[in-house]
Amino acid sequence: MTYKLLGKNFIPPDVVAKVTGEAKYAEDFRADGMVFCRLLTSPMPHALVKSIDVTEALRLPGVVGVLLPDEVTPVPAPNPPILSKEPQYVGQPILAVAAVDETTAQDAIEKIDLDLEPLPFTVDPLQSLHPDGPDARLDGNVGAQGLKLQTLKWTAADFAAADAGHLPMGKSAEDWVYGDVDAGFAKSKVIIDESFVTASNSHHSMEPRTSFAYWQNGKCFVHGSTQSQSFVVPQLAQYIGIKPTELNYISEFCGGGFGSKGTAFPSMAIPALLSKKIGKPVMMRISRAEEYYIGSARNGFQGRVKLGFGADGRLLAADMYIVQESGAHNGFWDFRNAADALSVVYQPESMRWRGVPVYTNTPTRSAQRGPGENQIACVLEPLMDKAARKLNIDRLQMRKVNAPETGSKVGSDRRPVTSAYLRDALEKGAARFNWQERSARSGQRNGPKVTGFGIGQAYHPAGFNGFDGLVRITPDGKLHIHTGVGNLGTFSHSGTARIAAEVLKYDWENCVVERGDSRKHLPWNIGQFGSNTSFTMARTNYVAAMDALKKMKEIAAHDLGGKPDDYDVDGGKVFAKAHPAKHLTYAAVAQRAIDLGGKYTGKELPADINPMTKASATALAGSGLIGVAKDNLPVGGETAAFACAFVELELDLETGRHRIVELLNVGDCGTVIHPMGLETQLKGASVQGVGLATLEHLIFDPQNGIPGHVGLYQARPATYLDLPEKLSTDWVDKPDPTSPMGTKGIGEPPLGAAASAIVCAISDALGGYVFNRTPVKADMVLYAAGELPMAHRPLQVNTQ
Amino acid sequence: MSEYCEEDEAIRYSRREFIKRVIASGAVASAATYVYGGLAGCARQGSVPGGVERLVSLNVNGQVRRVDVLPQETLAMTLRYKLGLTGTKLGCDRGDCGACTVMLDDIAHNSCSVLTHSVRGRKVITVEGVRGPNGELHPVQQAFIDELSPQCGFCTPGQVVSAVALLKRNPNPSREQARAALAGNLCRCGAYENYLNGVMRACSSS
């Protein structure tokens, strides 16, 4: 299928402001009378606030007011509160002080008399599951979204019975099974049973989550840093205690989120609530160190996985147990996603999964790019290699034989995937990388350096449905695509807007993308997360454009005679197919829509659209031809994206460091909307994969619960110097049948593919040594190369 | 030393009184109350008691700007909160990330780690100042657009300024030299490859 705009590069409308510095992020806004606020945060990992005395602080000249835990909207536990009276990690906000400047606010905080009663705490999930172990919360130690908060302890026998180094597997909080797992293992030729640890790591968004708020004429204005726009509004309004219609939310630019800013987060409400109380605009700048406390992180895993393979490499049975480190509050369900990833990427004939998400006195976790799927890729891919070695099967073949196909099933409910071309991606990548010939050099020595090769694979769901589209043609002939999706930096807010332009055969120069500010009258859209935009927003923009197209044809038939189907659109005109000279320009149609009124100009609206879309369309009514619809297109299962990566690296056995000679990342991402945008996603994910595989982790002092990773130089995101020497990308340009033009998302899988390929390549350079732990650090390489025991204990968390 | 001794007198004024006096003077940049304390971490970093603003002249983007500056004030804060130049971003406030990179006499510096008083008499160029005389984009900016270098864009101003500074001292860097020159500019989106492509494109086009 050839498209006018899809598959072609374009300059996204927001990129110029990014290179000139004109792009305004939350901290770049000002308002008259603006004051600053600073947070008093917990110095203890778990404590009860016995009393707070702010008398002296309020006497300090320049202090404008304070906001206390009792004055904020209550948030039901175990979700993170806005301000806490039972802080559950070091750095959790307890109160906020507003002053004319930050120095004064900080001075005031020093004058606050805070009485804290220390409580037991833990920074290790297994410790909390121990019969005598501490609980991170007074109300329990286990829970997650969709799983009741509870106290769950394993028995001493559970711990004693476990082999040294193997994960004890006591009672789980959740489990599922399909197929006959015991029979699968019974007929397996090779069985692998390994325990593993994957570290938590910060999102490291370059823009800390600063927010700025003020009130005007009864409305609250919040400038925030979120990946999403419309999706943030209802939850943020709830945090502030107002109706969504009373909130103007502005997030035209977001300096990185990677999952940590997908939804509204509690701290965003602090300046809004403080501003309401003191009657002044409040700027709450968040420091880099604070970002490590309130900015959330990826969940860590302690787990065990048993895999049974047939002689041909086919995965016959899988049994996985994951203990998830969840932080102090409900974070994300990585532990479930990891199971889905195993079930879909390797298509085990039978599988059992068990999981326990355990609260720890560490910062709140949230989704991070491939939450669950990407950590587990770093565990499973090296084990595929281990099995391949035992079975004497080529590692590429090992993956191809297990790869999913369109219609293959995911998870416990065995839902089908709407498209899967992972095998095509493997073949395309292997050919381009020259895998067969190159990987024959595996283990080649060059002084202290050894060459290693690796293949990695990963998956993530790639789309949602049921949201609304809203487009508008104004009497100047312009097409306005109103999108509430957000600006994560993928440019897909505009990439998917081009779907609407494609339907209406619009020149891109005549299109305006309306976004980033509630006052632009935006529809109800999903957030920009979960690799979903290229699918979800393609559908919503498609249905809105189709509604507009229908109306354009009806207006032409009304004015020029005949039936709507007698007309078509192109070249800025609605014309009679039989007599192209008989036409209305887009500008004229927009004017006629206003004249005709009713549904044509948004005065009558579909009944099934969300109240937010309804309010936006109503506000726009009468300004042009309005196309508005809910995405009721058929849903054929789970839309899934996949990626695979190929790596060559050189491992230095004297230093433990490595040099990535080449990394090729190949995406299975449906119809390509924007090739350059796709390439930047694949490359950026590869660079983040370097971090996940070898650099990034959180570390807490088990004695005091204090983090040791509160600077970029400590928590170590990848820099220019970590960039693979050659970084290449490719993709399988095959459409997904449930997306109107075949598009689906891709943001997350290439990270897991890159990370796991790197881990596999390091392992390969060491002759197949499996670490069962990420990140793989230089010291681990040295111990492995020297055939020495690791410095950490098996299953230990918070290691160097 | 003498500079700080002179300021001792001002300690006798309370902060509020002093700020009132500054506002009343009306002679300085309008955002004079946005003063700055050490904010690198959760813990108090220790402000300078009684630190007072002094009126200084700065050469910023080719213009002389008169602004009241505290002794402990960093250039990033002066630019952002007193001169309205918000293109300079604060990503870490401790010289880790490079988002606040500006040029001082054509050399790239982290403006979060430079005291404003120390740049008197030096030529400060921010991302707002790298455009040509008629407002045309600098070749680096154009190349970053052509290569779709930015993703979220927050680190981009710093990347632009570091690249411009590099090309000023070495108009034809190798890719490896460019990588070394930009190594202090973190990009969590991982767009390093596209920024390097942009630098190489800019030097071939200029």
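The legends below describe close-up views of chain A in a predicted model.

**View 1. Domains 1 and 2 of chain A.** Chain A is split into domain 1 (18-119 + 206-294), domain 2 (300-463 + 637-785) and domain 3 (466-630). The centres of domain 1 of chain A and domain 2 of chain A, taken over C-alpha atoms, are 36 Å apart. To their contact, domain 1 of chain A gives 18 residues and domain 2 of chain A gives 20 residues. On the side of domain 1 of chain A that touches domain 2 of chain A, 10 residues are nonpolar, 7 polar and 1 charged.

**View 2. Helix 8 of chain A.** Helix 8 (residues 269-278) of chain A is mostly covered, with 7 of its 10 residues buried. Those buried are A:Ala269, A:Ile270, A:Pro271, A:Ala272, A:Leu273, A:Leu274 and A:Ser275. A:Gly279, just after helix 8 of chain A, has a positive phi of about 75°.

**View 3. The open sheet of strands 24, 25 and 26 of chain A.** Its 3 strands follow the order 24-25-26 and pair antiparallel. Strand 24 (567-570) and strand 26 (583-585) of chain A each have a single partner strand, so one side of each lacks a neighbour in the sheet. On average, neighbouring strands are turned by 20° against each other, direction ignored. Strand 24 of chain A is joined by 4 bridges to strand 25 (residues 573-576) of chain A. A:Tyr567 stands opposite A:Ala576 in strand 25 of chain A.

**View 4. Helices lying across the sheet strands of chain A.** Helix 17 (residues 533-560) of chain A lies across strand 24, strand 25 and strand 26 of chain A, at about 120° to strand 24 of chain A. Helix 18 (residues 586-596) of chain A lies across strand 25 and strand 26 of chain A, and runs at about 85° to strand 26 of chain A.

How values were computed
Residues are numbered from 1 along each chain as its sequence is written. Chains are lettered from A and ligands numbered from 1 in the order in which they are written. This is a predicted model: local features need pLDDT of at least 70, side-chain atom pairs count only at pLDDT 80 or more; totals for chains, interfaces and linings use all residues. Domain bounds come from an automatic or database domain assignment. Two residues are in contact if their C-beta atoms, placed from the backbone, lie within 7 Å. Ala, Val, Leu, Ile, Met, Phe, Trp, Tyr, Cys and Pro count as nonpolar, Asp, Glu, Lys and Arg as charged, and the others, Gly among them, as polar. A residue is buried if 20 or more other C-beta atoms lie within 10 Å of its own, exposed if 12 or fewer, and partly exposed in between; C-beta atoms are placed from the backbone. Helices (H or I, at least four residues) and strands (E, at least two) are DSSP runs, numbered from the N terminus. Two strands pair if DSSP finds at least two bridges between them. Axes are lines fitted to C-alpha atoms, for helices over the stretch in contact, and angles run from 0 to 180 degrees between N-to-C directions.
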